[in-house]
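This report describes a single protein chain, from its overall dimensions to individual side chains. The sequence and the structure come first.

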Amino acid sequence: MKLATLKDGSRDGQLVVVARDLKTAHVADGIAPTMQAALDDWAFIAPQLHDLYLLLNTGRTTRSFDFDPASCMAPLPRAFQWVDGSAYVNHVELVRKARHAEMPASFWEDPLMYQGGSDDFLGPTDDIVLAHEEWGIDFEAEVAVITGDIPMGSTPHQAFDQIRLLVLVNDVSLRNLIPAELAKGFGFLQSKPASAFSPVAVTPDELGDAWQDAKVHLPLRSTWNGKLVGQPHAGVDMVFNFAQLLAHLCKTRHARAGTILGSGTVSNKDAKRGYSCIAEKRALEMIEDGVASTPFMLFGDTIRIEMLDAAGKSVFGAIDQAVKQAEARKIR
């Protein structure tokens, strides 16, 4: 099934069920008020949402309405935990190679992962509002999972069973702030502003044969200022699948229902597939030409991130954002 959260003036929005073709939706107020409420009691709530989904897809509901991604918050507008991995090690290798840094062998065996801010996510069409272009504004197209409760010490197989939903992510990065932050040895903070999510979250079974081995086997399209710049295949070159990433997360802690875990920038070794972030394009330029020629995003730029199924239909709806300059605030 497909689920979304509508803006209603509250922090957590209104949970809705969305038709498979993304054209209509139905409020789930009689079942669960919010996405988090559904995740907290998934075994009881999910079958009821699925029944509504079947009715919606067959035109047997009386309160359906036209679905508009612009009216959506992130499917889970705020989460107890947002962590991002780097499952596509090719991306890490390219970035490190561009700055003449050696690639530790452990990166192929032990996943990279960081914990980001989860209290303020962007909806699929919300503007990316930042103060300065000089920060090096970049998009990062990713896939993510939303989980149920995963106990500490869970195996990949056990973690796999707790994958409830999948979403797309634009993990916005401020590239020119990253080096100084990493040099401190404490990881990302200011260089990782609010991430944006696709309008719709889908259950794994909705993907059919495209969901195999805890990977999504479909291309992920990134369109920057109206030009398609990348469509790497999310099922190719993913060194660590979602089950393995979740087991890594839970080595020393529980992951509670509503945890979101990202794949990291989707990247293929075949450069002809394009790129899912500007940093990777610049890395390739550095490796080939010795200098990066592609600029980062500027105010007024747009980014669209979307995944199409084998029939060419949108699976999650699109993240479709513009970069805007923040208004100067007076200090009182």
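## Glutamate 181

The model is predicted. Within it, glutamate 181 sits in helix H5, which covers residues 178–183. Glutamate 181 is buried but takes part in no salt bridge. The nearest side chain of opposite charge belongs to lysine 184 and lies 6.0 Å away, whereas a salt bridge requires a side-chain nitrogen of Lys or Arg within 4 Å of a carboxyl oxygen of Asp or Glu.

What does the side chain of glutamate 181 make a polar contact with? The partner is the side chain of serine 191, at 2.6 Å. Serine 191 also appears among the residues that glutamate 181 touches when those up to four places away in sequence are left out. The others in that set are Phe186, Gly187, Phe188, Leu189 and Gln190.

## Overall form

The chain contains seven helices and 20 strands. Its C-alpha trace spans about 60 × 50 × 45 Å along the principal axes. For 332 residues, a compact globule would be expected to have a radius of gyration near 20 Å, and the value of 19 Å for this chain agrees with that.

Of the 332 residues, 53% are buried. Among contacts with a separation of 6 or more, 74% are between residues 24 or more positions apart. The accessible surface of the chain is about 15,400 Å², and carbon and sulfur atoms account for 51% of that area.

## Salt bridges between distant parts of the chain

There are 11 salt bridges in the structure. One of them pairs aspartate 29 with arginine 63, with 3.3 Å between the closest N and O atoms. Aspartate 29 is in the loop between strand S3 (24–27) and helix H1 (35–40), and arginine 63 is in the loop between helix H2 (42–57) and strand S4 (65–66), so this pair ties together parts that are 34 residues apart in sequence. Aspartate 29 is partly exposed, at 43% relative accessibility, and arginine 63 is partly exposed as well, at 46%.

Lysine 324 and aspartate 127 form another salt bridge, at 3.4 Å from N to O. Here the two residues are 197 apart in the chain: lysine 324 belongs to strand S20 (residues 319–325), while aspartate 127 lies in the loop between strand S6 (113–116) and strand S7 (128–130). Lysine 324 counts as partly exposed, with a relative accessibility of 36%. Aspartate 127 is also partly exposed, at 31%.

## Other charged groups

Arginine 304 and glutamate 306 meet through their side chains in a salt bridge of 3.2 Å, N to O. Is each partner buried or exposed, wholly or in part? Arginine 304 is partly exposed at 32% relative accessibility, but glutamate 306 counts as buried at 13%.

A network of salt bridges links Asp138, Glu140, Asp171, Arg175 and Lys192.

## Helix H3

Helix H3 runs over residues 89–98, and seven of its 10 residues are buried, so the rest of the structure largely encloses this helix. The buried positions are Val89, Asn90, His91, Val92, Leu94, Arg96 and Ala98. These residues pack against helix H7, which spans 278–289.

After H3 comes histidine 100, which has a positive phi near 60°.

## Positive phi in loops

Which residue between strands S14 and S15 lies in a loop there? Alanine 214 is placed in that loop, with S14 at 211–212 and S15 at 215–216. Alanine 214 has a positive phi of about 60° although it is not a glycine. With a relative accessibility of 3%, alanine 214 counts as buried.

Asparagine 225, likewise not a glycine, has a positive phi of about 50°. Asparagine 225 is located in the loop between strand S16 (220–224) and strand S17 (227–230). At 41% relative accessibility, asparagine 225 is partly exposed, whereas alanine 214 is buried.

Terms used
Residues numbered from 1 in each chain as written. Predicted model: local features only at pLDDT ≥ 70, side-chain atom pairs only at ≥ 80, totals over all residues. Heavy atoms only, no water. Helix = DSSP H or I, 4+ residues; strand = E, 2+ residues; numbered from the N terminus. Buried < 20%, exposed > 50% of the residue type's maximum accessible area, 1.4 Å probe, protein only. Lys, Arg positive; Asp, Glu negative; His and termini not counted. Polar contact = N/O pair within 3.5 Å; in protein donor to acceptor, adjacent residues only side chain to side chain. Contact = heavy atoms within 4.5 Å. Rg over C-alpha atoms; globule rule 2.2 N^0.38 Å. Areas by Shrake-Rupley, 256 points an atom, 1.4 Å probe, with all protein chains shown as cover.
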